[in-house]
Amino acid sequence: MNELTLPLRNLWGRPIRTGLTTLGIAVAIAGFVALTGLTRGVEHSYSAGMEESGADLVVTQKNVFSLMSSSVPETLGPTLAAVAGVEAVSATLLSITTVDDAANIVIAAWPRRSFLWQTVELGEGRLPDDGENWEVVLGRTIAEALGKSVGDTVELQFQPYRIVGIAAFATVLNQNIAMVPLEGLQELIGRQGAVTLYQVRLARPVDATGIAAVKARLSEAAVDYEVSVTSEFASNIRLISLFQAIASTISLVVLAMASIGVANTLLMAVNERTYEIGILAALGWRPGRILRLILIEGLVMSLLGGAIGIGLGIAVMHLASRSHFAAGLMEPYLSASVVVEALISVLVAGPLGALYPAWRATRIVPAEALRMT
């Protein structure tokens, strides 16, 4: 027996206790991966959807709690368009509603002459006609989920819309979006004269320095509003920051519980193996070696639970993102940083939980342990 095979034998000899502790760690890591991934997925979904439309900058209300609650007056449009370096500006009104009592859907409304309509890649059909408020273009994914095609009708905000096109977008948000003329949606939700945000396209060619310069000029022209780079604007939404804080807090709690579970399991194991530890000490095992023995057991359970938990967390993310209530906003977003954070968590939680039992094991006096037989 050596320092690797002995911990494995000890864990295998108590399969139920080891399994339950490992499962507890797996659930904790799954919660961390799912919550963190979905929260970052919402942020990525917003940003990627806006980038796909060809906008470089986004202008919203400052310190907005949720994107849907942002309100910007339409009168701001000409001011933004007059800024040097701006090629085109488009108002955007966003809303989330239940479609045909079957699923949640994001509605994006644009003015008829908006450059955003020109970025829509149609898989079928056409764009809404001039003068027609009750026509809609659906993203392909939501159209398939609803079983709808060109020529069908769909009810949005209690108003029947005729589907005139199916869009073939690449991003999750836009695959689940309904695009309608601005005037009609403003009438339906009572937002005449106001929109959610402005999307700004810059004159080409453009680089990071040019974007920063135009952003500064836009901020001076619209001092009461937030001007963000499209890829980063979602991070300014306070609701997303709240989600991130909640996810972090819950993750810390469940990881602490996992660490306590490891401590409880190994403490019981140390108490049950007093005689065995006493023999090891009598054979010349130093306290440091006995300490490593218990720490390795905690590390093995943590690594096994972490591997299972990462897989479980990925599965939970995908299930949540495919629900009818996700509205295309929840996107499973697994990055290397999430996996690394999860692994660091288990590498900390396991040994940390094993630390006290390991210390207890080093305090066992061989002579006293042997007399307990």
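Buried means under 20% relative accessible area, exposed means over 50%, and partly exposed lies in between (1.4 Å probe, protein chains only). This model is predicted: local features need pLDDT of at least 70, side-chain atom pairs count only at pLDDT 80 or more, and totals for chains, interfaces and linings use all residues. Residues are numbered from 1 along each chain as its sequence is written, and side-chain values use heavy atoms, with hydrogens and water left out.

**Exercise 1. Take stock of the chain.**

Solution.
- Count the elements: the chain has 13 helices and twelve strands. Helices (H or I, at least four residues) and strands (E, at least two) are DSSP runs, numbered from the N terminus.
- Check burial: 46% of the 373 residues are buried.
- Look at contacts, meaning heavy atoms within 4.5 Å. Of those with a separation of 6 or more, 80% join residues 24 or more positions apart.
- Add the surface: the chain exposes about 17200 Å², and carbon and sulfur atoms supply 60% of it. Areas come from the Shrake-Rupley method with a 1.4 Å probe; for residues, only the protein chains shown count as cover.

**Exercise 2. Test the length of helix 8, then sort its two sides.**

Solution.
- Helix 8 covers residues 208-221, which is 14 residues. The expected span is 1.5 Å times one less than the number of residues.
- That gives 20 Å, and the end C-alpha atoms are 20 Å apart, so the two agree.
- Now find the buried residues: Ile-211, Val-214 and Leu-218. They cover an arc of only 70 degrees around the axis, so they sit on the same side of helix 8. The arc is taken from the directions from the helix axis to the C-beta atoms.
- Turn to the face away from the buried side: Thr-209 and Glu-220 are exposed there.
- Identify the cover: the elements over the buried residues include strand 1 (57-61), helix 3 (76-81) and strand 12 (225-229).

**Exercise 3. Locate the nonpolar surface patch.**

Solution.
- Apply the rule: patch residues have over 30% relative accessible area and no salt bridge; like charges are joined within 9 Å, nonpolar side chains (Val, Leu, Ile, Met, Phe, Trp, Tyr) within 5 Å. A salt bridge is a side-chain nitrogen of Lys or Arg within 4 Å of a carboxyl oxygen of Asp or Glu.
- List the members: Ile-16, Leu-20, Leu-23, Val-27, Leu-312 and Val-316, together about 570 Å² of accessible area.
- Assign them: helix 2 (15-52) and helix 11 (287-321) each supply at least two. Helix 2 gives the most, with four.
- Inspect one: Ile-16 is in helix 2. Its relative accessible area is 66%, so Ile-16 is exposed.
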